[in-house]
Amino acid sequence: MLNIFIEKLERLINQNKPFILFRKPNSEVVELWENKEAKTERKFICNSFDNSQLIEFNDDNVIEIPVSDLPFFKLDLPVSSQKEAIEYDNYINLIQKTVDELKSNSLTKKIVISRVKELEKEDVNLSETFKSLHEYYPNAYVYLRYDLEEGCWIGASPELLFKEKNQLIQTVSLAGTKAKEDDWTEKEYHEQQVVTDYISSIFESYSEYVDVEGPFSVNAGFFEHLKSFITAQIKDKSKIKDLLFDLHPTPAVCGMPKNDAKNFIVENEGYYRSFYAGFMGYDNGEESEYFVNLRCAKIFSNKVNLYVGGGIMPDSVPENEWRETEMKSKTIGELLV
């Protein structure tokens with residue numbers, strides 16, 4: 001199987017064909033997907049934050065090998081001369097503007113502001129970085145996606161958007177971040193509850209019942225998150241796609257109310273998120289599973305863009321938010337090989 005995997009990967013790279021390497025949570029195998037012309041029952045989709053881009057992989061012969069056997073490979077990556085990173089002072093001003101907006105508009109409860117952190121790093125070993133993410137984040141969705149137009153994205157997302165099997169749908173509400181040595185405050189619990197309430201309200205319109213467990217404090221490598229588990233029974237399986245796009249983008253990556261927060265982000269954040277904070281996942285006919293594209297990076301031949309963000313509330317302190325994003329940047333940045 002390893003030789004078949006290598007032959008397929010080499011063919012896709014030599015022909016500049018798009019592909020995705022994907023490892024499910026708590027799995028020891030990596031899957032190789034390509035996009036075949038013939039439509040198949042097995043699909044893997046990648047959707048952007050603003051729903052303007054959707055890439056689909058249709059592959060009836062997904063090949064799996066142990067992650068430890070993933071071979072070395074190189075990609076023809078573009079050079080980036082575009083500067084998307086925001087300086088400290090500008091970021092502080094942006095967060096203060098966001099706080100002022102939240103205080104002046106009683107209807108807007110939360111806005112998620114993100115930024116790009118650039119690392120001047122060349123010749124990233126993609127296979128070893130993938131293995132590093134696999135080892136350090138066993139509970140995450142680890143992926144590497146490449147195509148000639150979009151370049152190379154890599155990530156280890158901790159956040160399930162939702163999964164479905166036999167009409168049972170499950171998801172998590174993940175929001176609120178703190179350093180391991182700090183205590184949880186009302187700000188983080190409030191932020192997490194906003195996300196939980198939003199997801200539950202969406203599920204209620206599609207389901208017979210909704211059950212919530214949590215929140216619990218969970219280890220996220222360099223820091224901790226608050227996490228709740230949400231389960232429901234969907235009435236009509238044909239409505240799964242509608243549910244998917246009703247959920248996205250969640251308050252955890254956008255804010256609430258969704259449209260107001262999204263408009264503020266697009267107008268003020270200062271860069272195009274693209275697939276950061278979008279979603280991706282698979283449907284194999286029997287079950288489907290989708291996750292939010294967080295804890296990710298875009299790799300160029302001359303640098304790496306890390307994507308980090310945080311939920312801004314009326315009581316947020318700009319300097320604290322900067323420190324939180326710096327901390328979050330380590331989740332990928334310190335595992336690049």
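In the predicted model, a hairpin of three residues connects strand 7 to strand 8. Strand 7 spans residues 141-147 and strand 8 spans residues 151-157. The two strands pair in the antiparallel sense, with seven bridges between them, and within this pairing Y143 has G155 of strand 8 as its bridge partner. Strand 7 also pairs with strand 1 (residues 19-23), again in the antiparallel sense, over five bridges. Here R23 is matched with V142 of strand 7.

The burial of strand 7 was examined next. Seven of its seven residues are buried, and strand 7 is therefore largely enclosed by the rest of the structure. In a regular strand, side chains alternate between the two faces of the sheet. For strand 7, one side carries Y141, Y143, R145 and D147, while the other carries V142, L144 and Y146; both faces are covered, as these residues are all buried.

Helix 5 occupies residues 240-247, and its buried residues are I240, L243, L244 and L247. These residues lie on the same side of helix 5, because they cover an arc of only 105° around the axis. In an α-helix there are 3.6 residues a turn, so residues three or four places apart point the same way. The loop between helix 5 and strand 13 (255-256) contains T250. With a relative accessibility of 3%, T250 counts as buried, since the cut-off for burial is under 20%. When neighbours within four places in sequence are left aside, the contacts of T250 are E159, L161, Y198 and G255.

Empty space in the model was then considered. Such space is revealed by rolling a probe the size of a water molecule over the atoms. The largest pocket has a volume of about 550 Å³. Its lining comprises 26 residues, and those nearest the centre of the pocket are P25, N139, A140, P158 and K227. At least two lining residues are supplied by each of strand 9 (160-165), strand 10 (168-179), strand 11 (207-219) and strand 12 (223-234). Strand 12 provides the largest share, five residues. Divided by class, the lining of the largest pocket consists of 14 nonpolar, eight polar and four charged residues.

The second largest pocket holds about 350 Å³ of space. It is lined by 16 residues, with T177, D182, E188, N320 and E324 nearest its centre. Strand 10, helix 4 (186-204) and helix 7 (318-333) each contribute at least two residues to this lining, and helix 7 gives the most, with five residues. In the lining of the second largest pocket, nine residues are charged, four are polar and three are nonpolar.

A search of the whole structure for cavities of 30 Å³ or more finds one. The largest cavity contains about 390 Å³ of space. There are 29 residues in its lining, and T177, H225, L294, G309 and K328 are the closest to the centre. Two or more lining residues come from each of strand 6 (110-119), strand 10, helix 4, strand 12, strand 17 (304-312) and helix 7. Strand 17 makes the greatest contribution to the lining of the largest cavity, with six residues. By class, this lining is made up of 14 nonpolar, eight polar and seven charged residues. T177 thus appears among the residues nearest the centre of the second largest pocket and also among those closest to the centre of the largest cavity.

Conventions
Residues are numbered from 1 along each chain as its sequence is written. This is a predicted model: local features need pLDDT of at least 70, side-chain atom pairs count only at pLDDT 80 or more; totals for chains, interfaces and linings use all residues. Side-chain values use heavy atoms; hydrogens and water are left out. Buried means under 20% relative accessible area, exposed over 50%, partly exposed in between (1.4 Å probe, protein chains only). Helices (H or I, at least four residues) and strands (E, at least two) are DSSP runs, numbered from the N terminus. Two strands pair if DSSP finds at least two bridges between them. Contact means heavy atoms within 4.5 Å. On a 1 Å grid over the protein atoms alone, a cavity is a set of points where a 1.4 Å probe fits but cannot get out, and a pocket is an open set with protein on both sides within 12 Å along at least five of seven lines; lining residues have an atom within 4 Å of a point. Grid points are joined across faces, edges and corners, and a volume is the space filled by probe spheres set on the points. Ala, Val, Leu, Ile, Met, Phe, Trp, Tyr, Cys and Pro count as nonpolar, Asp, Glu, Lys and Arg as charged, and the others, Gly among them, as polar. The arc is that of the directions from the helix axis to the C-beta atoms.
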